[in-house]
Amino acid sequence: MFKLKNKMISGIVLAVGTLLFTIPAVHAKKYDGVTVNILTMEAPQIKGPMVKRAPDFKKLTGATVNIIGVPFADIYPKMEADFATGTNSIDGAVFAPQWMVDFIEPGYLEDLTSKVKADSAIEWDDIGYFFRSFSSTYGGKIYTIPLDGDFHMIYYRTDLLDAAGISPPTTWEEYIYIASRFHGQDMNGDGTPDYGSCISKKRNAQAYWMILSVAGGFIQAKGTGEGMFFDTKTMKPLVNNEAFSRALDIYKETTKYAPPDEINLDVGDTRGLWTAGRCALTLDWGDIGTLAIEKGSKVKGKTGAAILPGSRKVLDRSSGKLVPCNRARCPYAINGVNHAPFAAYGGWSGAINTASNARVKDAAYDFFSYMSQPKQSNVDVTIGITGMNPYRVSQFEKLSNWTNAGFSKASAENYLGAIKASLNSPNMILDLRVPKNQRYQQVVLDTEVHRFLSGEISKQEAMQRIEDGWEEVTEETGRDGQLNAYRKTLGY
Amino acid sequence: MTQSNSIEERLDRQAPAVFIMPAVLIVLCFSIFPLIVSLFVSLSRLKFVRGGIEAKYIGFLNFKKLLFGSQQYHFLGKFDQLTTTGYVIMSVFVILILVWFYRYFRSINFSLVGTIGRFVVATGLFFLLMLTLINLTTPKGLPGTLVVTLTYVILGVIFQFQIGLGLALLCVKKIRGRSFFRMVFFIPMMITPVGIAYLFRMLTDMTKGPFAPVVMWLGMEETSWAVIPWGARIAVMIGDAWQWIPFMFIVLLAGLESLPTEQKEAAIMDGAGSWQIFRDITWPTLLPVIVTIILIRLIEAFKIIDLPNVMTNGGPGIATESLSLHSYFNWRTMDLSGSAAVGYLLMVVAVFICLSFVSLVKKQVEIAQQ
């Protein structure tokens, strides 16, 4: 009896022990115990959706994903300092793909080509051609996973323009006219005068892309390969000429019909003004379209989007003068207007630190893939606060995603139509993607344009200083190398 | 005296140095070593490459760029011809310097080293004053980050000292609610500078801030402090003053409360008025404390960065950009050597101003202590 009891106890203990060791093994997840640190902007945009989906990713894979936010202007230096010093506390980053050249050349970023090819879930071919073939690649290899698509567009109050019988602006002169027409009127029924135009112009924020959106239509006319920043033979900056001069005039004139502290407003401020119904026109990324339908917005159903206004005159690069558009000079003009939609910033994308542990890199890639997969991203791009804008073909084709999110059919078609028109334009402007592009844009261009707007320097001085500043960066970095990199990005 | 006694005595004499050496080495390691490395960085051009950083020695090119080259407008500002007022001010300054030298040459402490020191101080102050006048008082002049920083420092410290002293003189009196006022005046110092910057940014928002209705009632909704250079600078200085007046206040209050009362009581019995008592008794006795606190505040004021960064990002243009912010913006775009060069020049200017201040007030403090 005693022996039988012992045997039974031993049997039970063995059975329980086997269960305790095998059940976890059976239920072990792919990345149990793995922690991935991802750096991005500290804001509800971009960081918000990743923080929201990280727990779901953990349930699926076991990986803990920490999203570390820093101010926008600190992303670039934090990445470079972390990678160059060998600290490698960052396993992945969601950042501007135009900066990737500075991180690829020293070998900091992981080549993701083989991972993407082996990953059917990401539906790579569903990603828009521009984003998968340009934004994500360098030298024929894939280095980033797009999570967002970026284009500048203008937005207008459909109710105001319809009531006045005015069409959306197709040129910047029309933009100014509409802004002046509505400036000072009460547009949201609160009894206070509102503004004709709200454009973010704050220094050291994201405003320096706005002036480029204005200038683009005057400078680039012969297709994406012509480029708008430098001469493709000499690397001479295209910023000290009649075209850029006209762009500066327009940019400054929009300030007359704007909030009094417009040159101190960043995109968060101008978007708040838009959704409060205080602006007739604005210039922004795709966020306005989705923010307009959110709860509390006073402009739901009243927000229209359009491709960036263009110009009837374009730059003759040999003389530096503005010359009227004709078939030869402006082969892609629409009704005599040269439009040059600007893929500003390129769209937030995820990249992986090549120095991280192999399992961590795999987990980071799987997280970015998860975020980018249609099931997640097709929802995220319809929500304004995510900061993620459409970049997949299915996001443009499936209207139900948008109507389910709160768009009317007409608004969705209008919004997506404007983005598609930009994406499909043969004269689309590619953002600057050469080494040290941050110095060209954020340091030189941003500072001098802001000094011009604040009246510190004249227009001519501003253009001269931008040209001199860009030449200095080019000389310091190496003219031949910069020219080669610039031509490569334009497809030469 | 035996040999072992003399060795013991020698060891005793060296003992203080030996005991203090570890602390000195640690301080040197954390202050001198970074200074040397920063100097090296400011004389080089750094490039991030695979495996680390490549440094190429370029001599004084970064400093040349700031003082004479493409960044001169950013550091020293834009120049123009001095106005008549400027010439008058410079003349008065030169006369005061000459009087200062004359009194020194007639004193018993006259020495060659002292003369050279005074000459350096006078020359430096002359150039800084001229730069300030050129930048701020001429039609086409514009201040660079150097003069903007000097403005924050000089005007800020003067204003903060006057208000802090005034509040301390009020709170030293036996008035009702004294303890409450002391606590309330001290609160701003407890708040982080970035918090204060965001607070003032919200307060000064003309369209959405708490004073927006007041601004509209005054009919000023179309104006904005943020687009006017002096408006923006004053907004930054108000935020800075709000934060640092409590520091002045608390130290001066402690100084006032520790003053001996016998002299004051004797003066009152002799019929002296309150202004006489302040001028002849309070002020001289408090002078060492005043000099110390102004010196501490001067050193701190040169580092101002949070307020102009958060409130205006250095704008409009570069109107509110301080030297620290200038250095930070350079660092942020990975122009590390440019950033180090600005930082070094900031250190030179700050040390010069602080040493000049000490040398100018040293004699008054000595007289007061007698």
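**Chat: chains A and B, and two helices**

Trainee: How many residues does each chain put into the contact?
Mentor: In this predicted model, the contact takes 29 residues from chain A and 29 residues from chain B.

Trainee: Which elements of chain A give two or more residues to the side that touches chain B?
Mentor: Those are helix H3 (72-84), helix H18 (437-453) and helix H19 (459-477) of chain A. H18(A) gives the most, with 7 residues.

Trainee: And how do the residues on that side of chain A divide?
Mentor: The side of chain A that touches chain B has 9 nonpolar, 10 polar and 10 charged residues.

Trainee: Back to H18(A) and H19(A). At what angle do their axes cross?
Mentor: They cross at roughly 165 degrees, and the axes come within 9 Å. That angle is over 145 degrees, so H18(A) is roughly antiparallel to H19(A). The crossing of H18(A) past H19(A) is right-handed.

Trainee: Which residues make that contact?
Mentor: From H18(A), they include A:Tyr440, A:Val444, A:Leu445 and A:Phe452. H19(A) brings, among them, A:Ala462, A:Ile466, A:Trp470 and A:Val473. By class, the contact of H18(A) with H19(A) has 9 nonpolar, 1 polar and 5 charged residues.

Trainee: New topic: how many helices and strands are in chain A?
Mentor: Chain A has 20 helices and 15 strands.

Trainee: What radius of gyration does chain A have?
Mentor: Chain A has 25 Å, which agrees with the value near 23 Å for a compact globule with 492 residues. Its C-alpha trace spans about 105 × 55 × 40 Å along the principal axes.

Trainee: What share of chain A counts as buried?
Mentor: Of its 492 residues, 54% count as buried.

Note on methods. Residues numbered from 1 in each chain as written. Chains lettered and ligands numbered in written order. Predicted model: local features only at pLDDT ≥ 70, side-chain atom pairs only at ≥ 80, totals over all residues. Contact = placed C-beta atoms within 7 Å. Helix = DSSP H or I, 4+ residues; strand = E, 2+ residues; numbered from the N terminus. Nonpolar A, V, L, I, M, F, W, Y, C, P; charged D, E, K, R; others polar. Axes fitted to C-alpha atoms, helices over the stretch in contact; angles between N-to-C directions. Parallel < 35°, antiparallel > 145°, perpendicular 65-115°, else oblique. Left-handed = near helix turned anticlockwise from the far one by under 90°. Rg over C-alpha atoms; globule rule 2.2 N^0.38 Å. Buried ≥ 20, exposed ≤ 12 C-beta atoms within 10 Å, placed from the backbone.
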